[in-house]
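Subject: Structure handover

Hi,

Here is the structure I promised to pass on. Please load it first, then read my notes below.

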Amino acid sequence: MARMKFLCDADRCIECNACVTACKNENEVPWGINRRRVVTINDGKPGERSISMACMHCTDAPCAAVCPVDCFYVTVDKVVLHSKDLCIGCGYCFYACPFGAPQYPKVGNFGSRGKMDKCTFCAGGPEADLSPAEFQKYGSNRLAEGKLPLCAEMCSTKSLLAGDGDIIAKIYKERVVKRGYGSGAWGWKTAYKETVAI
Amino acid sequence: MRLSRSILSFFAVLGVVLGLGLSSPAMAQQNAPINPTASSVREDQLLNALKPGSAAEIGGRISIPDGKAATLIRPAGREWREFHQGTMHLVGAVAILGMLAVLVGFYLKRGKIMISGGPAGSTITRFGAFDRFIHWTTAGCFIVLALSGLNITFGKVLLMPIIGEVGFAAMAQLGKYAHNYLAFPFMIGLALMFLVWVKDNIPGMIDLQWFAMGGGLIGKGHPKAKRFNGGQKMVFWSVILGGAALSVSGWYLLFPYTAGGVLNLQFWNVVHGIVGVVLIGAMLAHAYIGSIGMEGAFDAMGSGEVDLNWAREHHSLWVEDEMKKGVVPARLQAAE
Ligand code: HEM
Ligand code: HEM
Ligand code: SF4
Ligand code: SF4
């Protein structure tokens with residue numbers, strides 16, 4: 001079985017934000033929520049780098065551990081998903097997540113902000129695969145169609161990689177060896193407790 | 001001879017040092033590939049530079065309107081999770097089960113504390129309607145807040161296996177609303193409680209004597225006390241200070257955007273959770289002694305009228321004061 005991960009090669013990312021837009025459109029993400037975002041570090045300085053970040057689908061995910069109604073589940077591909085039917089919108093996953101992935105459709109206090117929403121690795125939710133109910137709540141289920149997340153698939157510089165962790169780590173390692181530098185597999189240490197040696 | 005040897009060896013060493021020094025940059029230049037981004041930020045550097053507190057997040061600039069999304073990595077989420085699933089559960093279980101164990105032990109050893117002289121048959125007013133209204137508003141809210149709060153902490157372990165995930169989620173949602181809305185009458189009740197009772201709860205020497213005598217709970221005899229004895233003053237101040245801590249921390253949890261970031265929310269959650277369970281433990285003891293633990297105590301908050309002998313035993317100085325004010329105890333109608 002694959003162990004799905006994201007890896008953003010910051011030395012390639014040009015901060016075009018196409019992944020952000022692709023995700024919003026593919027999944028009909030509610031207004032005000034960005035499941036994916038691009039953060040620029042040291043903006044305007046010589047060493048600036050941009051990193052595209054979304055839910056990392058952590059190993060032993062903190063969000064799942066703290067959820068008071070235990071509404072998270074992990075798919076066979078190790079994608080971390082949740083049930084919006086069970087979610088009570090309490091905000092605990094939002095406190096625990098190291099990547100700021102969980103978001104809520106409404107402003108106000110937790111409990112009246114609606115169901116938590118986050119990146120699904122384009123893998124839908126607990127409803128039947130590719131059903132209208134699934135699309136309406138979670139967006140598209142590209143994994144069920146045999147495709148990878150759209151953000152990574154359409155990344156023009158192939159900076160954002162999505163897929164089996166071992167394979168994308170290998171691609172990244174080869175790049176680093178070939179060009180001789182790399183700013184790191186951003187988020188990996190925090191999400192997977194391991195990183196790609198550079 | 002000796003001198004020339006040492007001069008020779010000196011030059012030999014110098015030669016080696018110079019040779020190495022000259023050759024190493026050349027070697028490095030041959031092997032190192034061109035790095036056009038030598039000054040680029042690296043994740044491991046930033047992670048290592050993280051300090052608890054202000055610099056506990058890696059962030060940058062973002063071009064979407066949601067400025068909060070500019071935080072890239074916040075490893076502290078992992079620590080908060082450890083706290084919430086570990087320490088919080090432990091402190092909660094110890095505070096509540098520990099207190100229940102103490103109370104059961106106390107009951108088995110000491111039994112219900114009876115009025116030593118038996119009921120007098122006449123009563124004196126202890127709490128008027130307004131006092132009792134405030135007490136039960138605050139206490140009622142507290143009980144619901146405590147249960148709905150504990151449901152967040154322990155519900156999925158204790159209740160979900162019994163009622164199933166769908167039923168539990170529906171209940172937890174209700175609990176969440178209850179916790180959100182009852183927070184407000186609780187805070188109002190707390191403020192009123194403070195205003196109405198603070199004048200009788202200023203700690204004094206008499207309280208030290210009360211504690212020295214074990215409050216009449218552990219030792220023998222009845223220490224002197226005014227309107228509230230030492231133990232009750234402790235209850236009062238735990239409720240006021242604990243309630244204030246719960247109100248402040250709960251306020252930030254209720255209105256997350258006033259807290260200034262997720263790290264602060266994690267902090268307030270820790271304060272809220274720990275103060276909450278400790279106060280629940282304390283209130284278990286209070287509720288015990290105010291009901292099944294002591295004959296005649298509940299009447300003070302029930303009808304508001306307490307038996308004169310009960311009052312003399314537990315609040316001797318208060319009774320004297322009331323009598324001086326000209327309060328006349330009411331005779332109970334003879335039982336038929
Ligand atoms: C069902 C549970 C409860 C029972 C049976 C109960 C009963 C009582 C009684 C009988 C008194 C009067 C004691 C006296 O004669 O001076 C009292 C006082 C008081 N109660 Fe409660 N109570 C309960 C819950 C609570 C809760 C949850 C709070 C806090 C929010 C609270 C706060 C107080 C305070 C501050 C006083 C005055 C200080 C003292 O007497 O200790 N009570 N309660
Ligand atoms: C002043 C009023 C209060 C406010 C504004 C308040 C607010 C909150 C909020 C927003 C939460 C977050 C959890 C959730 O989303 O349901 C919470 C949790 C909690 N509250 Fe309160 N609360 C208040 C009073 C209390 C009181 C009086 C108690 C206990 C006696 C209490 C015990 C708890 C507990 C145990 C949790 C769960 C903590 C955890 O597991 O992390 N709260 N409260
Ligand atoms: S990135 Fe956040 S939301 Fe995604 S699995 Fe990790 S903790 Fe959960
Ligand atoms: S917001 Fe929803 S998913 Fe997140 S912890 Fe609360 S109930 Fe679970």
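Which residues are closest to ligand 3, and how many surround it? Before the answer, one caution: this is a predicted model.

**Ligand 3.** The shell around ligand 3 holds 14 residues. Closest are Cys55(A), Met56(A), Cys58(A), Cys63(A) and Cys97(A). By class, the shell has 12 nonpolar residues, 1 polar and 1 charged.

**The iron of ligand 2.** Two histidines of chain B are the protein donors here. They are His179(B) and His272(B), each donating through NE2. Both lie 2.0 Å from the iron atom. The two come from distant parts of the chain, 93 residues apart. His179(B) belongs to helix 5 of chain B (residues 160-197). His272(B) belongs to helix 8 of chain B (residues 262-289). The iron site has 6 donor atoms, with angles of 80 to 179° among them, and is octahedral. Is His179(B) buried or exposed? Neither: its relative accessibility is 23%, so His179(B) counts as partly exposed.

**Aromatic pairs.** The count over all chains is 21. One of these aromatic pairs is Phe106(B) with Tyr288(B). Its geometry is edge-to-face, at 6.3 Å centre to centre and 85° between the planes. Phe106(B) sits in helix 3 of chain B (residues 76-110) and Tyr288(B) in helix 8 of chain B, so the contact ties together parts 182 residues apart in sequence. Phe106(B) is partly exposed, with a relative accessible area of 21%. Tyr288(B) is buried, at 9% relative accessibility.

Phe236(B) and Trp237(B) also form an edge-to-face pair. Here the centres are 5.0 Å apart, with 85° between the planes. Phe236(B) has a relative accessible area of 6%; because buried means under 20%, Phe236(B) falls in that class. Trp237(B) is partly exposed, at 23%.

There is a cluster as well. Tyr92(A), Phe94(A), Tyr95(A) and Tyr104(A) join Trp80(B) in one aromatic cluster.

**Charges over rings.** Two cases in chain A to look at. The charged end of Lys5(A) sits over the ring of Tyr192(A), 4.5 Å from the ring centre. The charged end of Arg36(A) sits over the ring of Phe6(A), 4.4 Å from the ring centre.

Best wishes

Terms used: Residues are numbered from 1 along each chain as its sequence is written. Chains are lettered from A and ligands numbered from 1 in the order in which they are written. This is a predicted model: local features need pLDDT of at least 70, side-chain atom pairs count only at pLDDT 80 or more; totals for chains, interfaces and linings use all residues. Side-chain values use heavy atoms; hydrogens and water are left out. Donors are N, O and S atoms within 2.8 Å of the metal (3.2 Å for Na, K and Ca); water is not among the atoms, so sites may look incomplete. Four donors count as tetrahedral if all angles lie between 85 and 135 degrees; four count as square planar and six as octahedral if opposite donors are over 155 degrees apart and all others between 65 and 115; anything else is irregular. Helices (H or I, at least four residues) and strands (E, at least two) are DSSP runs, numbered from the N terminus. Buried means under 20% relative accessible area, exposed over 50%, partly exposed in between (1.4 Å probe, protein chains only). A residue is near a molecule or strand if one of its heavy atoms lies within 4 Å of it. Ala, Val, Leu, Ile, Met, Phe, Trp, Tyr, Cys and Pro count as nonpolar, Asp, Glu, Lys and Arg as charged, and the others, Gly among them, as polar. Rings of Phe, Tyr and Trp (its six-membered ring) pair if their centres lie within 6.5 Å; planes under 30 degrees apart count as stacked, over 60 as edge-to-face and the rest as tilted. A charge sits over a ring if NZ of Lys or CZ of Arg is within 6 Å of the ring centre and within 35 degrees of the ring normal.
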